[in-house]
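Trainee: Could we go through this structure together, one feature at a time, with the reasoning spelled out at each step?

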Amino acid sequence: MSYSNNQGNGLPNPTQEWRNSFHTNLTKWMWRIFVGSIIGIFLTFFLLSFSGLPSFEKLENPSVNLASVALDCNNGVLGKYYLENRLPVTYERLSPNLVKALIATEDVRYYEHAGIDFKSFARVFYGLVTLNTKKGGGSTITQQLAKLLYSDRDKADNIFKLVVIKLKEWITAVKLERSYTKEEIIANYLNQYDFNNGASGISAASEIYFAKTPNNLNIQESAMLIGMLQNASLFNPMKRPERCLTRRNTVLAQMMNNGSLSKNDFEKLKKTPLDISKFKRENHTDGTATYFRMALSEEVKKILEREECRKPDGNKYNLYTDGLKIYTTINANMQKIAEATMLEHMAEIQKRFFQVWSGKDPWTYKSAKTTSEELTYRQKTLRRLIFESERYQTIKPKYFDEIQDELESTYAGFDLKDVYIDKLIEEEKKAGSLEKDRTISVENIAILKSILSSNLWAKIKSQFLKLQTESEKVFKTSVKMRVFAYNTVGYKDTTMSPLDSIKYNRMFLQTGIMAVDPITGQVKAWVGGINHKFFQYDHVKSRRQVGSTFKPFIYSTAIAFQGTSPCATVIDQPQTIHVGEGEFKIGKDWTPHNAEGGYSYKSLTLMDGLKLSKNTVSVYLMKQLQSTLPVRSLIHNMGVDTSKIPKTPAICLGSADMSVYEMAGAYTTFANDGKYNRPIYITKIEDKNGRVIYQELPEERQALPSQANYAMVQMLKYVTKGAGGLSGLKSEIGGKTGTTNDYVDGWFMGITPGLVVSTWVGGEDRWFRFLSLADGQGARMARPFFAKFIRKLEADPTSGFDSNLRFKRPAGDLAVELDCGSYNKDELDENQSGGEDFMPDFDEVKAKKPDENEEF
């Protein structure tokens with residue numbers, strides 16, 4: 001059989017023809033697939049760009065929680081306010097070691113790509129195909145930043161969603177590269193990462209793990225933190241130190257491979273241990289000036305409520321999330337000295353206080369003047385402290401959750417306090433007691449009466465009595481606890497009952513201290529109590545009776561407005577302001593006595609009268625003024641809120657309640673040539689971009705004529721001459737002590753040309769007091785702090801205090817005589833020198849009753 005050759009005959013070969021057709025079609029389909037893929041990828045990225053990706057505006061203003069920072073007068077950090085402890089730092093403030101470690105470990109071609117490293121992607125893809133899991137990750141630093149800022153991988157519940165999210169991250173990474181420089185991206189990435197243990201961002205991580213700033217991190221410290229970027233929980237140095245060490249050495253090896261570290265250095269560094277000995281968790285209530293920072297936060301919140309202090313879009317700034325910078329006037333060195341001096345002084349005072357009260361109980365102690373009403377008030381106070389305690393509030397829901405819901409449905413917004421239930425039980429026993437209780441508003445009395453007559457009352461009373469039975473048992477059972485103590489750590493671990501712990505804590509005397517520059521009004525130190533962790537109440541702005549620290553205002557008024565000379569004499573004898581005299585409007589004649597109870601009947605200059613703090617001289621001057629109005633006008637110009645100052649003549653002996661803050665401001669007048677400077681502690685507030693949103697304006701005014709003020713300064717200097725503890729100081733000083741009835745409050749107002757120091761010492765409640773004038777006077781309770789504080793400031797060249805300053809003497813004739821000659825030194829012993837004083841009992845100034853506005 002023979003076969004014909006079609007090709008030889010010029011006929012088409014079917015096989016070849018099929019092959020040609022196949023190749024042609026294959027080529028066409030490959031091009032279609034290629035073009036289709038390009039178009040598909042383009043369409044995918046195009047469509048994804050409209051599906052929830054961040055805009056360029058959002059990329060430039062990412063929504064992250066940033067800590068706000070309070071800065072001292074030298075721009076040092078006093079403390080932070082935050083939900084997340086994150087303070088952004090710029091690239092320039094990063095250690096080069098950090099940058100080298102980051103690039104070597106996370107993205108070696110960082111400076112070569114535009115957000116996506118296709119070589120790394122291809123390597124990862126190949127690893128997936130070949131099941132080789134050691135090919136490493138393919139995300140660039142920019143992609144990791146995109147993931148931190150804008151990714152929602154937690155919503156990816158299938159592979160398709162994960163791919164879509166990954167593609168979005170790619171697009172975001174490219175956008176980031178177009179919005180930021182390479183250096184800004186590195187800084188942003190390290191600022192955003194959570195390094196665990198409360199360290200949000202590289203600044204907090206550096207501080208918490210190594211007590212350093214990011215620019216001071218060494219190679220091995222940088223390697224540890226960069227190693228944590230892979231998984232901060234897995235490589236947590238506090239929980240998994242061995243893993244963290246291995247990971248750190250891996251980073252060091254990568255740095256060596258990348259040429260950032262020599263082999264010799266690598267061999268040395270890999271043998272070093274993890275040095276986290278300085279690890280310390282940060283809390284925004286820790287650190288220096290805690291009382292001040294808490295008061296500052298409240299003031300800043302008020303400022304941020306103002307319309308003119310809003311964001312450009314009209315929204316309010318948030319102190320805890322918006323990364324504000326609050327520039328304050330506090331001198332950090334001076335603040336630390338004040339706090340250390342306070343602890344030293346108060347420990348000594350407290351030791352004596354415990355000695356005085358050994359074997360006695362202030363809650364039940366009775367003196368000759370103690371009334372049954374006061375004893376009842378003390379027990380009500382103790383009961384209120386129990387009700388307010390965290391332990392009691394933990395027990396309460398067990399009995400009152402259901403009742404609270406019923407109360408809310410009937411009496412929406414009304415808070416049925418435990419003290420109210422006590423009063424309802426009392427009303428049930430003795431009808432009409434509610435109407436006589438002036439601590440409850442008329443509206444609340446009406447609601448309480450409605451509750452008493454309702455069907456709900458029986459249930460409330462039953463549950464309340466059950467709660468009291470359990471709480472009494474709990475509060476009398478001893479448990480282990482940590483309480484305040486004057487020692488190196490500020491606490492001690494002990495075992496006592498919760499009731500005894502309340503009594504124990506209340507036994508500690510408290511203090512309020514403020515130091516202010518009289519020339520600028522800037523507050524330099526602020527101490528609101530003995531320990532903020534255990535005693536949160538700030539005594540700098542709380543109001544207490546000021547005693548004889550008020551007397552210089554009386555003397556100043558007489559000198560300034562009546563031309564009275566400091567050398568004018570007054571007989572130390574009974575001085576009476578009669579009914580109908582002047583404009584005093586008193587109900588009966590008033591004749592107060594001196595602190596010691598009697599009179600010397602000697603002729604005293606005003607200089608001596610103030611030094612000895614003779615009440616008779618102050619009353620004499622008030623009689624000459626014929627009204628309290630001149631005094632009230634003067635102190636109003638000295639920054640005092642006169643709406644809270646009594647109009648009775650008793651103010652001449654210090655019956656008024658004023659704050660440490662207010663007194664410090666008033667005394668700036670004396671130290672500043674008669675010019676009052678309102679105390680300020682904020683200079684400005686900036687947002688995270690440096691935009692000033694608030695600026696404090698100084699407030700200064702002439703309150704006293706310079707000549708009269710200089711006379712007053714000389715008198716205050718004379719008062720402190722020879723006073724205990726003040727000798728040997730380099731500074732020019734003056735001041736006045738104050739002591740109130742029953743030695744409840746001890747004050748000292750000290751002035752120097754560059755610093756006014758206001759100091760109060762006393763108990764949280766008026767029955768926590770010394771039992772004698774020798775212990776309870778201002779010269780014992782408050783003045784020693786001033787003496788020690790100034791002495792330490794003078795000895796410390798970093799304190800910012802200038803001991804060479806001198807009070808300004810006005811030019812020309814002073815118009816008042818200041819050289820009063822000698823005085824009877826036998827009359828001035830050390831215990832009297834410096835104006836020790838005491839407010840006697842009299843109708844206008846008597847032992848304080850419970851505050852009529854305080855609800856119990």
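Mentor: What follows is a set of questions and answers on a predicted model.

Trainee: How many cavities of 30 Å³ or more does the structure hold, and what is the volume of the largest cavity?

Mentor: Rolling a probe the size of a water molecule over the atoms shows where empty space is left. With a lower limit of 30 Å³, the structure holds 1 cavity, and the volume of the largest cavity is about 50 Å³.

Trainee: Which element gives the largest share of the lining of the largest cavity?

Mentor: The lining includes Phe 670, Ala 671, Ser 706, Asn 709, Tyr 710 and Val 713. The elements that give two or more residues to this lining are helix H26, residues 660-671, and helix H27, residues 706-720. The largest share is 4 residues, and it comes from H27.

Trainee: How do the residues of that lining divide into nonpolar, polar and charged?

Mentor: Asp 673 and Lys 808 are among the lining residues, and Asp and Lys both count as charged. Ser 706 and Asn 709 also belong to the lining. Taken as a whole, the lining of the largest cavity divides into 2 charged, 2 polar and 6 nonpolar residues.

Trainee: Why is the pair of Trp 526 and Tyr 661 called tilted?

Mentor: A pair of aromatic rings is described by the distance of the centres and the angle of the planes. Planes under 30 degrees apart count as stacked and those over 60 as edge-to-face, with the rest as tilted. The ring centres of Trp 526 and Tyr 661 are 6.5 Å apart and their planes stand at 55 degrees, so the pair is tilted.

Trainee: How many residues apart are Trp 526 and Tyr 661, and are they buried or exposed?

Mentor: Trp 526 lies in strand S7, residues 523-527, and Tyr 661 in helix H26, so that the pair links distant parts of the chain, 135 residues apart. The relative accessible area is 1% for Trp 526 and 17% for Tyr 661. Residues under 20% count as buried, which means that Trp 526 is buried and that Tyr 661 is also buried.

Trainee: What kind of pair do the rings of Tyr 667 and Phe 670 make?

Mentor: Both residues lie in helix H26, 3 residues apart, which is about one turn of the helix, and both Tyr 667 and Phe 670 are buried. Their ring centres are 5.1 Å apart and their planes stand at 90 degrees, so the pair is edge-to-face.

Trainee: Which residue lies over the face of Tyr 110, and which over the face of Phe 235?

Mentor: In each case the distance is taken from the ring centre, and it is 4.3 Å for the ring of Tyr 110 and 5.9 Å for the ring of Phe 235. The residue over Tyr 110 is Lys 182, and the residue over Phe 235 is Arg 247.

Trainee: How many residues apart in sequence are the parts that the disulfide of Cys 567 and Cys 820 ties together?

Mentor: A disulfide is a covalent bond between the sulfur atoms of two cysteines. A search of the whole structure finds 1 disulfide, and this bond joins Cys 567 to Cys 820 with an S to S distance of 1.9 Å. Cys 567 lies in the loop between helix H22 and strand S9, whereas Cys 820 lies in the segment after helix H30, so the pair ties together parts whose separation in sequence is 253 residues.

Trainee: Which handedness does the disulfide of Cys 567 and Cys 820 have, left-handed or right-handed?

Mentor: The handedness is read from the torsion about the S-S bond, which is about -90 degrees for Cys 567 and Cys 820, so the disulfide is left-handed. Of its two ends, Cys 567 counts as buried at 18% relative accessibility, while Cys 820 counts as partly exposed at 23%. The name asked for, then, is left-handed.

Trainee: What is the phi of Asn 196, and what is the phi of Gln 626?

Mentor: Most residues other than glycine have a negative phi, and most peptide bonds are trans. Asn 196 lies in the loop between helix H7 and helix H8, and Gln 626 is found in the loop between helix H24 and helix H25. Neither is a glycine, yet phi is positive in both, at about 75 degrees for Asn 196 and about 65 degrees for Gln 626.

Conventions: Residues numbered from 1 in each chain as written. Predicted model: local features only at pLDDT ≥ 70, side-chain atom pairs only at ≥ 80, totals over all residues. Heavy atoms only, no water. 1 Å grid on protein atoms, 1.4 Å probe; cavity = no way out; pocket = protein on both sides within 12 Å on 5 of 7 lines; lining within 4 Å. Points joined across faces, edges and corners; volume = space filled by probe spheres on them. Phe/Tyr/Trp six-rings, centres within 6.5 Å; stacked < 30°, edge-to-face > 60°. Buried < 20%, exposed > 50% of the residue type's maximum accessible area, 1.4 Å probe, protein only. Lys NZ or Arg CZ within 6 Å of the ring centre and 35° of its normal. Disulfide = S-S within 2.5 Å.
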